[in-house]
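Visitor: I've got a protein model to look at and I'm not sure where to begin. Could you walk me through it?

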Amino acid sequence: MEISDKQIEILVLVKGIEKSVGKLDRWNNTTDIIEELLNNEVWDTDEFLGGVYELKQMGLIDGEIDKKELLENQYIYEYDNIKLSVEGKRVIQQDSIKEKIK
């Protein structure tokens, strides 16, 4: 499976988001964290959501994700269903991917 550096970044970000839930009072769920990242322009909204959709199509992210709905309703969308799939977790544990992350 070919995976771009940008897709690796998104996978690692999603993993970090999953691990960060509850670490701060304002981060009660993945929606809170993703909204904060997008609202503060830490990541370009269209690029992030488009990348999430691509990774969903590749089977690396789980969730009920519809690209049109994500892009049209990005400010009212609940992001709680965006999480790494079993395959996504496996991919970022590969030695070749770990080297790129470093």
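Guide: Sure, and keep in mind that this is a predicted model. Let's begin where two helices meet: K6, Q7, I10, L11 and L13 of α1 touch E47, F48, G51, V52, E54 and L55 of α3.

Visitor: How are α1 and α3 oriented to each other?

Guide: Their axes come within 10 Å and cross at roughly 90°. Angles from 65 to 115 degrees count as roughly perpendicular. So α1 and α3 are roughly perpendicular.

Visitor: Is Q7 buried or exposed?

Guide: Q7 is part of helix α1. Setting aside neighbours within four places in sequence, Q7 is in contact with E2, E54, L55 and M58. The cut-off for buried is under 20% relative accessible area. Q7 has 11% relative accessibility, so Q7 counts as buried.

Visitor: Which helix gives the most to the largest nonpolar core?

Guide: In soluble globular proteins, nonpolar side chains tend to be buried together. The largest nonpolar core here has 23 residues, and I3, L11 and F48 touch the most other members. Helices α1 (5-20), α2 (30-39), α3 (45-57) and α5 (86-92) each supply at least two residues of this core. The helix that gives the most, with five residues, is α1.

Visitor: F48 came up again there. Which residues does F48 touch, leaving out those up to four places away in sequence?

Guide: F48 is one of the three core residues that touch the most other members, and F48 is buried. With residues up to four places away in sequence left out, F48 touches I10, L13, I34, L38 and W43.

Visitor: W43 and F48 both have rings. What kind of aromatic pair do they make?

Guide: The structure holds one aromatic pair. Both W43 and F48 are buried. Planes over 60 degrees apart count as edge-to-face. The ring centres of W43 and F48 are 6.2 Å apart and the planes sit at 70°, so the pair is edge-to-face.

Visitor: Let's go back to α1 for S20. How far is a polar atom of the S20 side chain from the backbone oxygen of G16?

Guide: S20 lies in helix α1. Not counting residues up to four places away in sequence, S20 touches W27 and I33. As for G16, its backbone oxygen and a polar atom of the S20 side chain are separated by 2.7 Å.

Notes. Residues are numbered from 1 along each chain as its sequence is written. This is a predicted model: local features need pLDDT of at least 70, side-chain atom pairs count only at pLDDT 80 or more; totals for chains, interfaces and linings use all residues. Side-chain values use heavy atoms; hydrogens and water are left out. A nonpolar core is a set of buried Ala, Val, Leu, Ile, Met, Phe, Trp, Tyr and Cys residues joined through side-chain atoms within 4.5 Å. Buried means under 20% relative accessible area, exposed over 50%, partly exposed in between (1.4 Å probe, protein chains only). Helices (H or I, at least four residues) and strands (E, at least two) are DSSP runs, numbered from the N terminus. Contact means heavy atoms within 4.5 Å. A polar contact is a pair of N or O atoms within 3.5 Å; within protein, one must be able to donate a hydrogen and the other to accept it, and residues adjacent in sequence count only if both atoms are side-chain atoms. Rings of Phe, Tyr and Trp (its six-membered ring) pair if their centres lie within 6.5 Å; planes under 30 degrees apart count as stacked, over 60 as edge-to-face and the rest as tilted. Axes are lines fitted to C-alpha atoms, for helices over the stretch in contact, and angles run from 0 to 180 degrees between N-to-C directions. Angles under 35 degrees count as roughly parallel, over 145 as roughly antiparallel, 65 to 115 as roughly perpendicular and the rest as oblique.
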